[in-house]
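Work through the exercises below with the sequence and the structure at hand. Try each task before you read its solution.

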Amino acid sequence: MLLLLALFGGLAWASPTSPVPCAEQPYTLETPEGLAGGGNLEFDAEVAIFSDGACLQTKGLLLQAPSLRYDQGSGELTAQQFEVETARYRFWAEEGRIKGQVLQARGIRATTCRCGDDLRLLSETLRFDTQSGEMVLEESRLEVYAFGLARFSELRLEPDRPLGENLGLAPAGAGDAPLALPLRFDFDQGLNVGLNEFPLPDSAGVAGKFSTRLTLLGLRLGSPDPILRLGLAAQEKNRRASLQLDSKPSGFASRGEVVDGPLFFVHDSELGRYAFGLKKAFALERFTLIPYAWVAQDWRDGTPATQEQGLAAGAELRYAFEVQEGPFRFRLEPFGVLGFYDQPQQYLAYGGQAEGRYEGEFALRVGYTWAIESTPGRFWLERREAAQKLSGSLQYQNVRLEAEHDFLKTQTEASLRIGFRQDYGEVWARLHTCWNCVGKTLSNGRDDWERRELVVGFTPVPLSCTYDLNLTPFLGYDFLRQGVSRWGLELRYADCCFIWRLGYQEIRLAQHPGEVANGKLTFGLEIR
């Protein structure tokens with residue numbers, strides 16, 4: 001059940017419309033709080049009593065109740081056992097009142113589900129600003145299938161933020177993008193299961209003020225090299241801290257960081273790296289100056305034999321120039337790094353990036369990235385790897401072409417994707433080629449100097465109906481080795497609240513040095 005916390009990505013809930021819109025009720029009355037209406041209207045002195053489909057409609061809110069009382073003297077609206085629909089939520093309340101464009105209610109049950117309330121928030125009281133859409137729940141708890149997951153003394157739900165951000169489950173600005181599952185369950189070179197960045201409420205029970213996440217994973221279980229991972233991470237404004245410990249048959253490994261403004265400490269025991277120092281950026285119009293200083297250790301080639309220790313200090317200077325004229329845009333950002341060490345050695349690196357774009361009937365991008373080092377850097381923090389790359393892309397309707405040439409490696413890669421959109425989804429094909437490739441993907445361990453793979457697949461339209469399902473297949477073929485390179489299939493099923501995903505993909509002929517020929521079974525959930 002704990003994995004259901006991943007569901008709070010926060011897509012807008014499409015509420016059903018009232019059988020009779022409030023404006024079309026037989027009796028309506030304009031009030032400072034909105035338009036009140038109903039099938040029947042009675043008066044008790046200055047109190048107007050709406051019944052038989054009583055409702056109130058205002059900005060971002062539709063309230064429906066058996067009866068609605070409006071005191072014309074005080075300007076207060078009261079109702080009992082009512083339902084409210086907003087852009088993202090439905091909620092029910094035992095009783096409440098609206099005055100001064102603020103709804104105050106008690107006995108709250110809120111949900112984002114399209115039907116039912118398997119995912120819900122229960123709260124003692126609620127304060128809802130009908131103009132801004134902000135809700136504040138006090139003494140609330142989160143439930144999934146009546147299973148309690150978290151409690152909050154005060155929970156603030158902002159209308160322009162998805163539920164995942166309001167609960168501290170997603171980083172700010174993530175929008176409605178799918179969230180990483182806090183519980184992992186898949187099979188990839190062994191069984192992977194456990195909590196992955198599981199969010200924990202802070203001591204005050206207020207979500208969103210301090211984000212703390214717990215990781216407890218078993219990786220590659222059943223393989224010759226299993227890993228038990230324990231991690232803890234926290235973040236608040238410009239401060240963050242994380243620590244991760246791995247227990248393997250070969251021993252223990254750790255990595256982590258602590259950042260407080262310009263001060264930081266980072267370490268990675270497997271790479272032989274640690275550093276303690278400061279780094280701060282100062283902006284002046286188009287220029288950015290980043291002075292730095294740290295004491296560090298680094299294994300330059302990843303082994304203790306190339307260990308470097310000492311002090312480093314210097315600065316990086318960047319200049320950003322951008323101009324746009326109609327559909328054309330050009331950006332140039334050169335940089336230079338000058339560093340000094342506690343030994344007779346200096347570090348100088350310079351380079352930059354130039355990019356031109358055209359966005360009209362078609363989209364065209366051409367970019368060039370370069371970096372030159374006068375001497376090798378001692379530590380990874382100030383090091384700028386040498387590079388000379390020319391890249392570009394062209395997109396017209398459902399056709400997209402991407403290409404990149406690395407002058408230092410004399411390697412060229414290109415990818416062409418063609419899609420055919422229909423009402424039921426998109427059928428697509430992607431051809432990826434590589435010439436003079438660097439890296440070993442052949443089974444005999446030799447470098448493969450050329451790769452050529454075609455992948456075809458189908459992406460259905462997003463599920464919109466309840467109790468509906470779809471399939472997402474893909475198949476890859478390697479023309480040089482003449483065999484199926486990869487295949488996969490994902491099944492999606494939608495209920496009232498969630499989309500359940502079950503998929504399997506298998507790599508038969510690796511196309512990149514980082515790929516491993518094996519199968520992978522995945523399970524996931526998303527909020528609708």
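Buried means under 20% relative accessible area, exposed means over 50%, and partly exposed lies in between (1.4 Å probe, protein chains only). By that scale Cys 465, at 43% relative accessibility, counts as partly exposed.

This is a predicted model, where local features need pLDDT of at least 70, side-chain atom pairs count only at pLDDT 80 or more, and totals for chains, interfaces and linings use all residues. Residues are numbered from 1 along each chain as its sequence is written, and side-chain values use heavy atoms, with hydrogens and water left out.

**Exercise 1. Count the disulfides and give their pattern.**

Step 1. Fix the rule: a disulfide is a pair of cysteine sulfur atoms within 2.5 Å.

Step 2. Apply the rule. The count comes to 4 disulfides.

Step 3. Number the bonded cysteines along the chain. The pattern reads 1-2, 3-8, 4-7, 5-6.

**Exercise 2. Describe the disulfide of Cys 113: partner, handedness, place and burial.**

Step 1. Find the partner. Cys 113 is joined to Cys 497, with an S to S distance of 1.8 Å.

Step 2. Read the torsion. About the S-S bond of Cys 113 and Cys 497 it is about 110 degrees, so this disulfide is right-handed.

Step 3. Place both ends. Cys 113 lies in the loop between β8 (102-111) and β9 (119-129), and Cys 497 in the loop between β33 (483-494) and β34 (498-507), so the pair ties together parts 384 residues apart in sequence. Helices (H or I, at least four residues) and strands (E, at least two) are DSSP runs, numbered from the N terminus.

Step 4. Check the accessibility. Cys 113 is buried, with a relative accessible area of 1%. Cys 497 is buried too, at 3%.

**Exercise 3. Do the same for Cys 115.**

Step 1. Find the partner. A disulfide joins Cys 115 to Cys 496, S to S 1.7 Å.

Step 2. Read the torsion. For Cys 115 and Cys 496 it is about -85 degrees, so this disulfide is left-handed.

Step 3. Place both ends. Cys 115 sits in the loop between β8 and β9, and Cys 496 in the loop between β33 and β34. The two are 381 residues apart, so the pair links distant parts of the chain.

Step 4. Check the accessibility. Cys 115 is partly exposed at 25%, whereas Cys 496 is buried at 8%.

**Exercise 4. Are Cys 434 and Cys 437 buried or exposed?**

Step 1. Note the bond. Cys 434 and Cys 437 form a disulfide, with 1.9 Å from S to S.

Step 2. Classify the ends. Both Cys 434 and Cys 437 are buried.

**Exercise 5. Examine the salt bridges.**

Step 1. Fix the rule: a salt bridge is a side-chain nitrogen of Lys or Arg within 4 Å of a carboxyl oxygen of Asp or Glu. The structure holds 41 salt bridges.

Step 2. Take one pair. The side chains of Arg 106 and Glu 95 meet at 2.7 Å, N to O. Arg 106 is in strand β8 and Glu 95 in strand β7 (residues 90-99), 11 residues apart. Arg 106 is partly exposed at 40%, and Glu 95 is partly exposed at 29%.

Step 3. Take another. Arg 452 forms a salt bridge with Glu 450, the closest N and O atoms being 2.7 Å apart. Arg 452 is partly exposed at 32%, and Glu 450 is partly exposed at 30%.

Step 4. Look for a network. Arg 329 bridges to Glu 322, with the closest N and O atoms 3.9 Å apart. Both belong to a network of salt bridges that also links Glu 316, Arg 318, Arg 331, Glu 333 and Arg 384. Arg 329 is partly exposed at 32%; Glu 322 is partly exposed at 36%.

**Exercise 6. Trace the pairing of β32, β33 and β34.**

Step 1. Fix the rule: two strands pair if DSSP finds at least two bridges between them.

Step 2. Start with β32 (residues 468-478). This strand runs antiparallel to β33, joined by 11 bridges. The hairpin of β32 and β33 has 4 residues between the strands, and Gln 482 takes a positive phi near 50 degrees there.

Step 3. Move on to β34. 9 bridges join β33 to β34, and these strands run antiparallel. Their hairpin has 3 residues between the strands.

Step 4. Follow one residue of β33. Gly 488 stands opposite Phe 474. In β34, the bridge partner of Gly 488 is Gln 505.
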